[in-house]
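Hi everyone, thanks for coming along. Let me put the structure up on the screen, and then I'll walk you through a few spots in it.

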Amino acid sequence: MTTKLRDVARAQRTGYLVVHRLYQNRAVTVLMTIMALTNPGSRPGARPLLSDAARLPAAFIVAACAGTTALLGAWLGHGRHTDRVDAAVDARVHAGIAGHPKLLEVLAWLGDQPAIAGMTAILILTCLLRRRYRGAALLAVSVPSAAVITERLLKPFVGRTLLGFLSFPSGHATGTFALATAISVLLAGALGVPRAVRLAIAATAFAVAAAVAAAMIALGFHYFTDAVAGAAVGTGTVLATALLVDLLTQAWWRSREPPPAVEAEDRLKHVDADDAPRRQADAR
C-alpha cells in the first residue's frame with residue numbers, strides 16, 4: 001500500500017505512473033504516461049474562457065457589434081439627433097413603462113457607473129476565490145474598457161446630444177450589457193452548475209440589461225439607437241477581450257512547456273533517480 005501511494009504521488013509530480021510487473025520471474029518497472037495530470041486546461045486557473053466551438057461565433061458577434069456601432073455612429077453623427085426608428089420605438093417605450101417612476105429609478109441606478117463598478121468588483125473577487133484567473137482578468141479589463149470606449153471615444157466623436165448631454169452610445173446600456181455578457185462567458189465555464197441554471201442566469205442578466213436600457217429611454221435620457229449602440233459596445237468589448245485573454249494565456253502556457261522530447265527525457269531521469277534505492281534493495 002505504501003508503494004502504491006508513493007507511486008501515485010510521483011505521478012502527480014512527473015506525469016508518469018510507475019508500475020511494477022513480473023516478467024520471467026524478474027521485477028520490471030513500467031512507466032505509464034498520465035495525460036490528464038499534465039494538461040494545463042484541467043486546472044481552473046488555466047481553463048479557457050471560450051470553448052473551441054464558441055470562438056468562431058464569438059468573433060462573428062464582435063464583428064457584428066463593431067459594424068452596428070460604426071454604421072449607427074456614421075448615420076446619426078454630424079448633429080443629427082433623431083430618426084423615424086427612434087421616434088416610433090421611443091414612443092412605445094414611454095407609453096409602456098413611463099408610468100412606473102419607482103421602477104425606472106431602480107433600473108436607472110443599476111446602470112450607474114458606481115453600481116456597475118461594485119458588481120464588477122464582487123465578480124472579480126468571486127473569480128479570484130474560485131481560482132478562475134482568466135475570468136477575473138476578463139472582468140477587470142473588459143468592463144472598464146467598454147466604459148472608456150463609450151464615454152471617452154464614441155460620445156465625443158459622434159456628438160449626438162439629448163437634453164444638452166452627449167447620448168450616443170448609452171453608458172447605462174454599455175455597462176449592463178458588458179456585465180451580462182461577462183456573466184454568460186463565466187457561466188459557460190462553470191462545469192459544476194447545471195446547464196439549465198446557467199441559461200436561466202444568463203437570460204436574467206440580459207433581461208435586466210435590456211430593462212435598464214428601456215428605463216433610460218422612458219426617462220428621456222437616451223434614444224433607442226443609443227441603447228442599441230451601447231449594447232453592441234458592451235457585448236463586443238467583452239467577447240473581444242475573452243478572445244484576446246485566451247490567445248495570450250495559451251501562448252504563455254506553450255512558452256512554459258519544454259519540447260516533448262526534452263520533457264520526456266527529464267521526467268525519465270527523475271523517475272529513475274527516485275526508483276534507484278528500491279532497485280538496489282530488490283537486488284539485495
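**Loops, a helix and a ring pair**

Let's begin with R131, which sits in the loop between α5 (113–129) and α6 (133–158). Before I go on, please keep in mind that this is a predicted model. The phi angle of R131 is near 60°, a positive value in a residue other than glycine. Is R131 buried or exposed? Its relative accessible area is 47%, so R131 counts as partly exposed; the cut-off for exposed is over 50%.

Now move along the chain to L163, in the loop between β3 (161–162) and β4. L163 is not a glycine either, and yet its phi is positive, at about 60°. With a relative accessible area of 57%, L163 is over that cut-off and is therefore exposed.

Next comes the loop between β4 (165–166) and α7, where we find P169. Have a look at the peptide bond from F168 to P169: this bond is cis, with omega near -5°.

That brings us to helix α7 itself. At its start, a side-chain oxygen of S170 comes to within 3.4 Å of the backbone nitrogen of H172. The helix covers residues 171–188, which is 18 residues. Does the length add up, you may ask? At 1.5 Å a residue, counted over one less than the number of residues, α7 should span 26 Å, and its end C-alpha atoms are indeed 26 Å apart, so the two agree. How much of α7 is covered? Most of it: 15 of the 18 residues are buried.

One residue of α7 deserves a closer look, and that is F177. Searching the whole structure turns up one aromatic pair. The partners are F177 and F206, with 6.1 Å from centre to centre and 55° between the planes, which makes the pair tilted. For tilted, the angle has to fall between the 30 degrees limit for stacked and the 60 degrees limit for edge-to-face. The pair joins distant parts of the chain, since F177 belongs to α7 and F206 to helix α8 (residues 195–218), 29 residues apart.

And how do the two rings' residues sit with respect to the surface? F177 has a relative accessible area of 13%, so it is buried, the limit being under 20%. F206, at 29% relative accessibility, counts as partly exposed.

That's my tour, and I'm happy to go back to any of these spots on the screen.

How values were computed:
Residues are numbered from 1 along each chain as its sequence is written. This is a predicted model: local features need pLDDT of at least 70, side-chain atom pairs count only at pLDDT 80 or more; totals for chains, interfaces and linings use all residues. Side-chain values use heavy atoms; hydrogens and water are left out. Helices (H or I, at least four residues) and strands (E, at least two) are DSSP runs, numbered from the N terminus. Buried means under 20% relative accessible area, exposed over 50%, partly exposed in between (1.4 Å probe, protein chains only). A polar contact is a pair of N or O atoms within 3.5 Å; within protein, one must be able to donate a hydrogen and the other to accept it, and residues adjacent in sequence count only if both atoms are side-chain atoms. Rings of Phe, Tyr and Trp (its six-membered ring) pair if their centres lie within 6.5 Å; planes under 30 degrees apart count as stacked, over 60 as edge-to-face and the rest as tilted.
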